[in-house]
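Me: Please give me a close look at the ligand site and the empty spaces in this model. I would like the cut-offs stated along the way.

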Amino acid sequence: MWGEREATRARWMVRCRWSPVFAAALVLSCAWCAHAAPSPEDTLFIPGTVPYDTKGNKVEAHGGGMLQANGLYYWVGEGAKYSASIISKSINLYSSPDLATWTFEGAILTGDQIKGMPFPAPYRIERPKILWNAQTQHYVLFFHCDTPEFAYPAVGIARSQNITGPYTWVRVFKPDGEDSYDMTAYVDTDGTGYLIRSVGNVFLGISALTSDFLDTTGICSWGPRGEGPALFRAGDMSYMLMSGLTGWSPNPAALVSTVAPRLCGAWWVRQPNPATTEGGNTTFNSQSTAVLPLKLGDGSTLFIYMGDRWNFQGPGSTYNASYVWLPLLPRSGGQGFQILNGPFKDPNVYTDGRRP
Ligand code: GAL
């Protein structure tokens, strides 16, 4: 579990050294920072731990994503898993100024808000992501909506003018008329929104969203078979990270890339496995859920791999799921990226992509 010592170190480290939110504080406190330079054991995140929120409760935000708004990081994810079907009752939202101190903003969507499913509740609520739609000035929440038995694999949408809610239910639908399992939502640098999902658990289908982000416009790019999709852009290249399909049990990750300027029409090229060191055959006992591009103080970007350690076979099973956040570094002297296993240290250490 996340120790108080690590949390304290992470808090000062993030605030003083790299969070844009604390740029002003940096100026004010640089003298203090100079005296408190990070030592090698400084740690932002220990893989397989669970942070606690400011009220002392576990952060329950599984299969989640991260969005920056209002000068804060917002972590959205599935609430705690319960029952034999392993489902969550809600989508939870947490905020943080520094990726270390988490405030519970509430359950922004609960199962009873879901309308229009052709099966009775309860419903499966998985892999929620929030996008900001600049045109309509709404936050749009997407998630895999299904029955506990996966009998109606669909996407649920709700939206709000405030990231913390209240979220108004929009609809549940099968995007482009196809069964939709694991999914993510993504806005590219040109403002185009995309839904990326496992179509029938056969391939990852990418569809551009309509300008209000409330519908898809047809599958326009075909990725490999995968789950836990996570998109990110690095310069002229776009990347899609994913897991294989073994349910709650971990498996090797896969990475594909494209040079296409827009995701529609993109052809995907397979890159080397991003996790090849010891434990890589299970992606360090985790499944991908998102990649967070973190801007560092020097203007460079550190990509953070966000994964879930589902703990399916462990004590308490998925109720005791934890998180795996690791640096996703450009592969030195080669193509693609690699996930660097171990304690996640001061993000500045990884600035130029080299190992610390
Ligand atoms: C995983 C998937 C999860 C959940 C699970 C159910 O592969 O990524 O989101 O659907 O299967 O077995």
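Reply: For the residue classes used below, Ala, Val, Leu, Ile, Met, Phe, Trp, Tyr, Cys and Pro count as nonpolar, Asp, Glu, Lys and Arg as charged, and the others, Gly among them, as polar. The model is predicted, so local features need pLDDT of at least 70 and side-chain atom pairs pLDDT 80 or more, while totals for chains, interfaces and linings use all residues. Residues are numbered from 1 along each chain as its sequence is written, and side-chain values use heavy atoms, with hydrogens and water left out.

The ligand first. The space it takes is the second largest pocket (a molecule sits in a pocket if more than half of its atoms lie within 2 Å of the pocket's grid points). A pocket here is an open set of points on a 1 Å grid over the protein atoms alone, with protein on both sides within 12 Å along at least five of seven lines; a cavity is a set where a 1.4 Å probe fits but cannot get out, and lining residues have an atom within 4 Å of a point.

Around the ligand (a heavy atom within 4 Å) stand Glu 126, Arg 127, Phe 150, Asp 182, Glu 227, Gly 247, Trp 248 and Gln 287. By class, this shell holds four charged, two polar and two nonpolar residues. Three acidic side chains make polar contacts with ligand oxygen atoms (pairs of N or O atoms within 3.5 Å). For Glu 227, a polar side-chain atom lies 2.2 Å from a ligand oxygen. For Asp 182, the distance from a side-chain N or O atom to a ligand oxygen is 2.5 Å, and for Glu 126 the corresponding distance is 2.7 Å. The ligand on its own exposes 310 Å², and the protein buries 90% of that area (Shrake-Rupley, 1.4 Å probe).

Now the pocket that holds the ligand. Its volume is about 210 Å³ (grid points joined across faces, edges and corners, filled by probe spheres). It is lined by 14 residues, and Glu 126, Phe 150, Asp 182, Glu 227 and Gly 247 are the closest to its centre. The three side chains with the contacts given above, Glu 227, Asp 182 and Glu 126, are thus named again at the pocket centre. The lining divides into six charged, four polar and four nonpolar residues. E8 and E12 each contribute at least two of the lining residues (strands are DSSP runs of E, at least two residues, numbered from the N terminus). The biggest contribution, three residues, is that of E8.

The largest pocket has a volume of about 860 Å³. Its lining counts 32 residues, with Met 66, Leu 67, Tyr 186, Val 187 and Pro 293 nearest the centre. By class, 22 of the lining residues are nonpolar, six polar and four charged. At least two residues each come from strands E2 (62-69), E3 (72-78), E8 (124-133), E12 (180-187), E16 (227-234), E20 (287-295) and E21 (301-309). Among them, E20 has the largest share, with six residues. E8 and E12 therefore appear in the linings of both pockets by this strand numbering.

Enclosed space comes next. There is one cavity of 30 Å³ or more, and its volume is about 40 Å³. Its lining consists of Ala 61, Gly 64, Trp 75, Thr 289, Met 306, Gly 307, Asp 308, Tyr 323 and Trp 325. Two or more of these residues come from each of E21 and strand E22 (322-330), and E21 gives the largest share, three residues. Five residues of the cavity lining are nonpolar, three polar and one charged.

Some backbone details may be worth checking in the loops. Ala 121 and Pro 122 are joined by a cis peptide bond with omega of about 5°, and Pro 122 is in the loop between strand E7 (103-110) and E8. Another cis peptide bond, also with omega of about 5°, joins Gly 165 and Pro 166; Pro 166 is in the loop between strands E10 (154-160) and E11 (168-173). Leu 99 is not a glycine, yet has a positive phi of about 65°, and is placed in the loop between strand E6 (90-96) and E7.

Methods: A polar contact is a pair of N or O atoms within 3.5 Å; within protein, one must be able to donate a hydrogen and the other to accept it, and residues adjacent in sequence count only if both atoms are side-chain atoms. Helices (H or I, at least four residues) and strands (E, at least two) are DSSP runs, numbered from the N terminus.
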